[in-house]
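Reader: Please take one strand of the central part of this model and go through it closely. I would like to see how it sits among its neighbours, and then what lies around it.

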Amino acid sequence: MRFPIGFMMAQSRHRSRMEKRGEGRYPTVLMLEPLYTCNLACLGCSVERHTGKLKDRMSVEACFKAVEECGAPIVNICGGEPTLYPELPELIAGLIERNKYIIVCTNALKLAEKVFDKIPPSPHLFLMVHLDGMRETHDYVCNRQGVFDHAIEMVKQARARGYYTYLNTTVFKETSVEEVEQLCKMVDELKANGILISPGYEYESVERDIFLTKEQIHDKFKVIRDFSSQYKVNATPMFLEFAAGMRELPCAPWSTVNYTPTGWKAPCYLIGEEIIPDWKTFWEKTDWAYWESRKDPKCLNCKMHSGFEHSAVSEAMKTMKGKVQLGMWSVSK
Ligand code: SF4
């Protein structure tokens, strides 16, 4: 199975509850960024996400308020580096009490110190370790030597301790598809639970030319899609078809809402046209139809997993063939 059964059931229950209520748009994932402090400064990361001060972090109460207001069953704790958030054990315990599924997106540098022996493994908790390529590429993207080897050791230890552990890779210009396949093979070698693969987004604040054009994304993802069925890849087949330029999809920025130390980021995790302090204004005043259309210049090259996976699944659910394909994909591997 690509994901634990409880996680898949929670998503499917949420989808049918929202559909019964006639909600056309609803969040499934909250990208919760309790801090903008990081122990790395990766080349592909937006500058504000790793230059914040720890004292400006969000309170745990503010995190829970955002979780309750948006109602998403999945909370993806990112940032910044979540393991640097001093209240992480309290936050995760509170989210499990609220029956949420939690993804901790981490560079793994502090897993031993901040997670192992402090936060117990749980079927509700997934560690998502960032690995943007094999040793040379990952250390280059992270701007530091030795990060790859450390992350690999942490994945091994996390699995041995019983944590659900996934790899997360962003494809940049320097990334070769051969490297992506090597990473997929490593998932089995490391006994990890899967790998999420997504094209990088070209942030305006990132000056280096490391991002792919849409055509380059299509070329790389055609190859990735071809080998993906052999491995535990966690992006759906429909999303990979979209990334490979074989189908079009509307964006669904409302499916993955983003709460930051300064407020709700509209319209999405990638572009903050506005930062809105309160949930109601963010949800009701954002022009979702405009952002779904992808006609904004900032959306032209975007093929990010966070924007399109919900649309990929909705598309599959429209036909019996799509439902069967999605069901088979979910239980294979
Ligand atoms: S297309 Fe990309 S940048 Fe535009 S709203 Fe969707 S996720 Fe955000």
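Author: Strand β4, residues 125-130, is mostly covered, with five of its six residues buried. The model is a predicted one, and what follows is to be read as a description of that prediction.

On one side β4 pairs with β3 in the parallel sense, over five bridges. Within this pairing, cysteine 105 stands opposite methionine 128 of β4. On the other side, five bridges join β4 to strand β5, residues 164-171, and these two strands also run parallel. Here valine 129 has leucine 167 of β5 as its bridge partner. Strands of a sheet pair through backbone hydrogen bonds, either parallel or antiparallel. In a regular strand the side chains alternate between the two faces of the sheet.

The parallel pairing continues beyond β3. Strand β2, residues 74-77, and strand β3, residues 101-106, are paired in the parallel sense over four bridges. Isoleucine 74 is placed opposite tyrosine 101 of β3.

These strands belong to an open sheet of nine strands, in the order β6-β5-β4-β3-β2-β1-β7-β8-β9, and the pairing in the sheet as a whole is mixed. The edges are taken by β6 (194-199) and β9 (272-276); each has a single partner strand, so one side of each is left without a neighbour in the sheet. Averaged over the sheet and with direction ignored, neighbouring strands are turned by 25 degrees against each other.

The loop between α4 (111-114) and β4 holds phenylalanine 116. Phenylalanine 116 counts as partly exposed because it has 17 C-beta neighbours inside 10 Å, where 20 or more would be needed for a buried residue. Neighbours within four places in sequence aside, phenylalanine 116 is in contact with Leu111, Gln157 and Arg161. Tyrosine 163 is 47 residues away from phenylalanine 116 in sequence, while their C-alpha atoms are 9.3 Å apart in space.

Next come the helices α5 and α6. Helix α5 (residues 135-142) packs against helix α6 (residues 147-160) at an angle of about 110 degrees, and their axes are 8 Å apart. The two helices are therefore roughly perpendicular, since angles of 65 to 115 degrees count as such. On the α5 side the contact is made by Arg135, His138, Asp139 and Cys142, and on the α6 side by Val147, Phe148 and Asp149. By class, this contact has three nonpolar, one polar and three charged residues.

A second helix pair can be described in the same terms. Helix α12 (residues 305-316) and helix α13 (residues 320-331) have axes that come within 7 Å and cross at roughly 125 degrees. This crossing makes α12 oblique to α13. Val313, Glu315 and Ala316 of α12 form the contact with Gly322, Lys323, Gln325 and Leu326 of α13. The residues of this contact divide into three nonpolar, two polar and two charged.

That leaves the ligand. Around the ligand there are 13 residues, of which Cys251, Cys268, Cys299, Cys302 and Gly307 come nearest. By class, this shell has ten nonpolar, one polar and two charged residues.

Terms used. Residues are numbered from 1 along each chain as its sequence is written. This is a predicted model: local features need pLDDT of at least 70, side-chain atom pairs count only at pLDDT 80 or more; totals for chains, interfaces and linings use all residues. Two strands pair if DSSP finds at least two bridges between them. Axes are lines fitted to C-alpha atoms, for helices over the stretch in contact, and angles run from 0 to 180 degrees between N-to-C directions. A residue is near a molecule or strand if its C-beta atom, placed from the backbone, lies within 6 Å of it. Ala, Val, Leu, Ile, Met, Phe, Trp, Tyr, Cys and Pro count as nonpolar, Asp, Glu, Lys and Arg as charged, and the others, Gly among them, as polar. A residue is buried if 20 or more other C-beta atoms lie within 10 Å of its own, exposed if 12 or fewer, and partly exposed in between; C-beta atoms are placed from the backbone. Angles under 35 degrees count as roughly parallel, over 145 as roughly antiparallel, 65 to 115 as roughly perpendicular and the rest as oblique. Two residues are in contact if their C-beta atoms, placed from the backbone, lie within 7 Å.
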